[in-house]
Amino acid sequence: MKTGWVYKDEYNWYDMGRSPGLIPPGRFVEPGDHLDQPDTRRRAASLVHTSGLAERLTPLRVAPASDTELLRVHTRDYLDFLIEQDALPKGGYADRGIWRTPFGPGDLEIARLSAGGVVAAARAVMEGTVQNAYALVRPPGHHALPDRGMALCVFANVALAVQAVRHEYGVSRVAVIDWDVHHGNGTQEIFWDDPDVLTVSIHQDRLLQLSTGDADEVGGPGALGACVNVPLPPGSGTHAYREAFRRIVIPRVRDFGPELIVVASGYDASFFDPNGHMLLGVRDYRWMTEQVMELAAGTCEGRLVVAHEGGYSPWYVPFCMLAVVETLAGELTEVGDPVGFIVEGNPFQEISPDQARAVDRVEAALNAATHPRPAS
Ligand SMILES: [Zn+2]
């Protein structure tokens with residue numbers, strides 16, 4: 001079993017500017033480190049090498065996403081806007097200032113490389129040169145909309161990869177599973193009325209985005225049930241996520257019968273993330289990866305692409321990501337989880353009644369959408 005690996009140093013050169021954390025620049029705001037530090041991904045890539053895992057992976061060549069590839073999802077107007085922003089001496093915003101997606105000189109090429117990284121991973125899996133692949137890319141993509149960036153995302157990396165394989169390999173049905181702690185609103189909007197792309201997002205309820213990602217968002221009129229949202233309350237951990245997988249994610253993806261599965265893998269649902277409020281650890285990322293590999297084995301001959309999304313603990317993301325890549329490659333290194341005793345021993349890893357009710361709500365919303373009761 002070969003596992004493809006995408007990573008480029010240039011991903012760390014994307015400039016998020018001098019805003020501290022997530023606070024926009026302004027009066028009373030001292031410049032500081034942005035929440036999305038390039039060091040997080042650099043350390044993750046470094047651990048893949050120092051653990052010895054890199055020797056077991058197949059490096060994949062990455063080309064910047066072309067206009068043709070980008071225009072399968074994004075508008076020409078948006079691309080022209082980014083070209084203008086890229087030419088500003090101090091940069092601008094990819095989101096027209098709405099959601100503070102800093103965009104500096106030279107960032108357009110890096111955003112193209114990020115999208116191109118996920119497309120390259122998907123192509124390698126479809127060609128069969130690798131069984132599965134991990135794309136450690138930056139900037140992330142799952143919030144990006146057809147006509148603007150949003151929340152650090154410039155291009156819709158995963159959606160672009162889905163459209164590339166549908167266009168180039170005649171694939172019709174693709175499932176996207178998004179376990180970033182934020183709602184995958186961009187992917188959802190792009191495929192909202194498309195019955196051949198199943199989008200599943202499991203996220204913290206109304207973290208960001210505040211107005212999307214509820215259980216009753218189940219797809220457009222032509223695609224009812226092809227959009228699945230599992231909003232979990234803050235504080236959800238191992239057993240809430242496992243319940244959501246067993247009752248919602250696994251049966252829905254299996255019944256859909258995809259020809260390829262793409263995972264949007266954010267690590268901001270981790271115990272130590274400064275941006276989310278969930279409790280996942282290394283063992284949970286490993287478990288979720290095993291589940292999607294089993295799903296891929298049962299539905300699409302194991303074809304699986306995992307794309308890096310968010311995750312803001314520079315010191316914990318590397319261990320969570322390593323567990324995902326190890327699992328994909330079927331290779332266990334000696335690294336493990338140096339703080340697993342803190343995460344796994346936490347009593348709030350059990351599922352609480354409100355977390356169980358959240359999963360009940362999802363099941364009810366999907367059943368109502370896909371098996372409407374006849375009018376009496
Ligand atoms: Zn996120």
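**Entry 1. Aromatic rings**

I began with Trp315, which is partly exposed, with a relative accessible area of 41%. I note here that the model I am reading is a predicted one. I then searched the whole structure for aromatic pairs and got 11. I looked up the pair of Phe272 and Trp315: the ring centres are 4.7 Å apart and the planes stand at 50°, so I entered the pair as tilted. This pair links distant parts of the chain, since Phe272 is in the loop between β9 and α8 and Trp315 is in the loop between β10 (304-308) and α9 (317-329), 43 residues apart.

Phe272 also pairs with Tyr316. Their ring centres lie 5.0 Å apart with the planes at 80°, so I entered this pair as edge-to-face. It too links distant parts of the chain, with Phe272 in the loop between β9 and α8 and Tyr316 in the loop between β10 and α9, 44 residues apart. I checked the accessibility of Tyr316 and found this residue buried, with a relative accessible area of 1%. Ring pairs join Phe271, Phe272, Trp315 and Tyr316 into a cluster.

**Entry 2. The zinc ion**

Which residues give the protein donors of the zinc ion? I listed Asp180 (OD), which appears twice, His182 (ND1) and Asp268 (OD), at 2.0 to 2.7 Å from the ion. The angles among the 4 donor atoms run from 52 to 152°, and the site is irregular. To count as tetrahedral, four donors would need all angles between 85 and 135 degrees, so this range does not qualify. Along the chain, the donors have the spacing D-x1-H-x85-D. His182 and Asp268 link distant parts of the chain: His182 is in the loop between β6 (174-178) and α6 (185-190), and Asp268 is in the loop between β9 (260-265) and α8 (282-299), 86 residues apart. I found both His182 and Asp268 buried.

**Entry 3. Asn275**

I stayed with the loop between β9 and α8, where Asn275 is found. Is Asn275 buried or exposed? I entered Asn275 as buried, with a relative accessible area of 14%. Leaving aside neighbours within four places in sequence, I found Asn275 in contact with Leu22, Leu35, His182, Leu207 and Tyr312. His182 in that list is also a donor of the zinc ion.

**Entry 4. Helix α3**

I went through helix α3 (residues 76-86) and found Tyr78, Leu79, Phe81, Leu82 and Gln85 buried. They cover an arc of only 160° around the axis, which puts them on the same side of α3. In general, an α-helix has 3.6 residues a turn, so residues three or four places apart point the same way. The face of α3 turned away from the buried side carries the exposed residues Asp77 and Glu84. What do the buried residues of α3 pack against? I noted α2 (67-70), β3 (92-93), β4 (102-103) and α4 (107-127).

**Entry 5. Charges over rings**

Phe81, one of the buried residues of α3, has Arg96 over its face, at 4.3 Å from the ring centre. I noted another case at Phe256, where the charged end of Arg173 sits over the ring, 4.0 Å from its centre.

**Entry 6. His74**

I found His74 in the loop between α2 and α3. This residue is buried, with a relative accessible area of 4%. Leaving aside neighbours within four places in sequence, I listed its contacts as Ala144, Leu145, Pro146, Val154, Phe155, Ala156 and Leu160. I also looked up His74 against Val305: they are 231 residues apart in sequence and 21 Å apart in space, C-alpha to C-alpha.

**Entry 7. Backbone between β5 and α5**

Most residues other than glycine have a negative phi, and most peptide bonds are trans. I looked for exceptions. The peptide bond from Arg138 to Pro139 is cis, with omega near 5°. Pro139 is in the loop between β5 (132-135) and α5 (157-169).

Ala151 is in the loop between β5 and α5 as well, and its phi is near 45°, a positive value. I entered Ala151 as buried, at 15% relative accessibility. Leu152 lies in the loop between β5 and α5 too, and has a positive phi, near 75°. Leu152 counts as buried at 5% relative accessibility.

Note on methods. Residues numbered from 1 in each chain as written. Predicted model: local features only at pLDDT ≥ 70, side-chain atom pairs only at ≥ 80, totals over all residues. Heavy atoms only, no water. Donors = N, O, S within 2.8 Å, 3.2 Å for Na, K, Ca; no water. Tetrahedral: all angles 85-135°; square planar, octahedral: opposite > 155°, others 65-115°. Helix = DSSP H or I, 4+ residues; strand = E, 2+ residues; numbered from the N terminus. Buried < 20%, exposed > 50% of the residue type's maximum accessible area, 1.4 Å probe, protein only. Phe/Tyr/Trp six-rings, centres within 6.5 Å; stacked < 30°, edge-to-face > 60°. Lys NZ or Arg CZ within 6 Å of the ring centre and 35° of its normal. Arc of directions from axis to C-beta. Contact = heavy atoms within 4.5 Å.
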